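Welcome, and take a moment to look over the model before reading on. This short report walks through paired charges, two residues in one strand, and the pockets.

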Amino acid sequence: MESLPGTASLIEEIDKKILVVLRDGRTLIGYLRSIDQFANLVLHRTIERIHVGKQYGDIPRGVFVVRGENVMLIGEIDLANEGTLPLEQVSIDEILEAQRAEQLKKQEEEKTRNKKLLERGLQPHADTTHEEFA
């Protein structure tokens with residue numbers, strides 16, 4: 001079949017299981033049920049998959065509407081290889097705790113980095129404030 005321009009090419013993916021990575025870093029997996037000219041998506045039986053290291057956890061989300069401007073990547077799930085992930089599935093509570101710990105670690109590293117930049121007279125990242133270092 002001839003390739004269609006823009007979002008029209010996603011029509012072939014209707015009713016297939018897809019992975020969607022959002023601009024905020026979240027990963028959604030679900031069945032594509034609808035799409036429009038703005039790449040707005042409707043996913044059915046959606047899960048949010050959280051990865052931390054070699055572990056992952058799935059949070060059921062049900063029907064999920066995704067605004068097209070938030071989509072960073074879309075890909076079809078290979079159903080034949082879906083169960084062969086080199087990752088360990090853990091409970092929702094475990095993965096959320098691991099995610100919190102990872103975020104705290106990153107915040108501490110960012111704080112340390114910005115403090116060192118300030119000590120050298122350089123401007124820290126725009127998202128941080130000087131009050132953090134007082």
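Helices (H or I, at least four residues) and strands (E, at least two) are DSSP runs, numbered from the N terminus. With that in hand, Ile 50 can be placed in strand 3. This is a predicted model, where local features need pLDDT of at least 70, side-chain atom pairs count only at pLDDT 80 or more, and totals for chains, interfaces and linings use all residues. Residues are numbered from 1 along each chain as its sequence is written, and side-chain values use heavy atoms, with hydrogens and water left out.

**Two residues of strand 3**

Let us stay with Ile 50 for a moment. Buried means under 20% relative accessible area, exposed over 50%, and partly exposed in between (1.4 Å probe, protein chains only). Ile 50 counts as buried because its relative accessibility is 6%. Contact here means heavy atoms within 4.5 Å. Not counting residues up to four places away in sequence, Ile 50 touches Gln 55, Tyr 56, Gly 57, Ile 59, Ile 95, Leu 96 and Gln 99. One of these partners, Ile 95, lies 45 residues from Ile 50 in sequence, yet the two are 6.9 Å apart in space, C-alpha to C-alpha.

Thr 46 also has its place in strand 3. At 2% relative accessibility, Thr 46 counts as buried. Leaving aside neighbours within four places in sequence, the contacts of Thr 46 include Leu 28, Ile 29, Gly 30, Arg 61 and Phe 64.

**Paired charges**

Side chains of opposite charge can pair when their charged atoms come close. A salt bridge is a side-chain nitrogen of Lys or Arg within 4 Å of a carboxyl oxygen of Asp or Glu. The structure holds eight salt bridges, among them those in this table.

| Acidic residue | Basic residue | N to O distance |
|---|---|---|
| Asp 24 | Arg 26 | 2.9 Å |
| Glu 48 | Arg 61 | 2.7 Å |
| Glu 69 | Arg 67 | 3.2 Å |

The pair of Glu 48 and Arg 61 links distant parts of the chain: Glu 48 sits in strand 3 (residues 41-52) and Arg 61 in strand 4 (residues 55-66), 13 residues apart. Glu 48 is buried at 8% relative accessibility, whereas Arg 61 is partly exposed at 39%. Asp 24 is exposed at 51%, and its partner Arg 26 is partly exposed at 32%.

**The pockets**

Rolling a probe the size of a water molecule over the atoms shows where empty space is left. On a 1 Å grid over the protein atoms alone, a pocket is an open set of points where a 1.4 Å probe fits, with protein on both sides within 12 Å along at least five of seven lines; lining residues have an atom within 4 Å of a point. Grid points are joined across faces, edges and corners, and a volume is the space filled by probe spheres set on the points.

The largest pocket has a volume of about 340 Å³. Of its 14 lining residues, Asp 24, Gly 25, Arg 26, Gln 99 and Gln 103 are the closest to its centre. Which element gives the most to this lining? Helix 1 does, with five residues.

The second largest pocket has a volume of about 160 Å³. Its lining includes Leu 19, Thr 27, Ile 29, Arg 49 and His 51, and strand 2 (27-35) and strand 3 each supply at least two of its residues.
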